[in-house]
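Visitor: I'd like a close look at one single part of this structure, please. Could you pick a spot and walk me through what surrounds it?

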Amino acid sequence: GASDEGIKTGLLAYQGVDRRLQELGTVNGVRFIDDYGHHPTEVKVTIDTVLHFNYNKLIVVEQPHTYSRLHHFFDEFVPLFDEADLLILLPVYAAREVDTGLTSSDKLAEVIRARNTVDTVSVNSYEDAAELILRKSEPGDIVLLIGAGEGYKVFDLIKED
């Protein structure tokens with residue numbers, strides 16, 4: 001029962017879903033996009049979508065969500081970042097879990113680096129990731145912050161710098 005004008009107004013006002021390919025902003029010509037994807041299928045679809053955007057380099061900042069998920073889907077995560085120019089791995093966002101020692105972002109980085117498909121760096125903090133992005137990015141690049149954790153904090157640090 002909605003009017004055509006009401007539908008049009010609603011569609012024009014729609015800005016998307018929070019943390020799904022959400023534009024955070026542009027700093028020094030570098031575009032920052034945040035996505036909540038944390039399952040391998042979500043990560044793949046998100047990266048595949050961003051590959052259709054206009055950019056010079058794609059920098060992916062991944063924060064694995066929970067140790068159990070990373071352990072369970074480890075082999076599926078490994079090839080997901082092959083199309084990126086740089087992969088920055090943040091420490092696992094533990095959420096409700098305790099580190100069992102079975103896996104880590106460092107272990108994921110090691111396996112990805114061994115494949116020699118994407119420059120991969122494992123960092124210890126949001127600050128380390130922000131510093132690396134400031135050093136490695138150039139105008140025209142896209143930084144995709146992906147994961148259910150708090151990777152968006154990297155953008156918060158950069159925009160304040």
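Guide: Sure, and keep in mind that this is a predicted model. Let's start with its aromatic pairs: the count comes to 1. That pair is made by F32 and F155, whose rings sit 5.1 Å centre to centre with 50° between the planes, which makes the pair tilted. F32 belongs to strand β2 and F155 to helix α7 (residues 152–160), so the contact ties together parts that are 123 residues apart in sequence. Are these two rings buried or exposed? F32 has a relative accessibility of 1%, so F32 counts as buried. F155 comes out at 5%, and because buried means under 20%, F155 is buried too.

Now follow F32 sideways into the next strand. Its bridge partner in β6 is V143. That bridge brings us to the pairing of strand β2 (residues 30–35) with β6, which is parallel and runs over 5 bridges. Strand β6 also pairs with strand β3 (residues 58–62), again parallel and joined by 5 bridges. There, E62 stands opposite I146 of β6.

So how enclosed is strand β6? It covers residues 142–146, and 5 of the 5 are buried, so the rest of the structure largely encloses it. In a regular strand, side chains alternate between the two faces of the sheet. Here I142, L144 and I146 point one way from β6, while V143 and L145 point the other way, and all of them are buried.

How values were computed. Residues numbered from 1 in each chain as written. Predicted model: local features only at pLDDT ≥ 70, side-chain atom pairs only at ≥ 80, totals over all residues. Heavy atoms only, no water. Buried < 20%, exposed > 50% of the residue type's maximum accessible area, 1.4 Å probe, protein only. Helix = DSSP H or I, 4+ residues; strand = E, 2+ residues; numbered from the N terminus. Pairing = 2+ DSSP bridges. Phe/Tyr/Trp six-rings, centres within 6.5 Å; stacked < 30°, edge-to-face > 60°.
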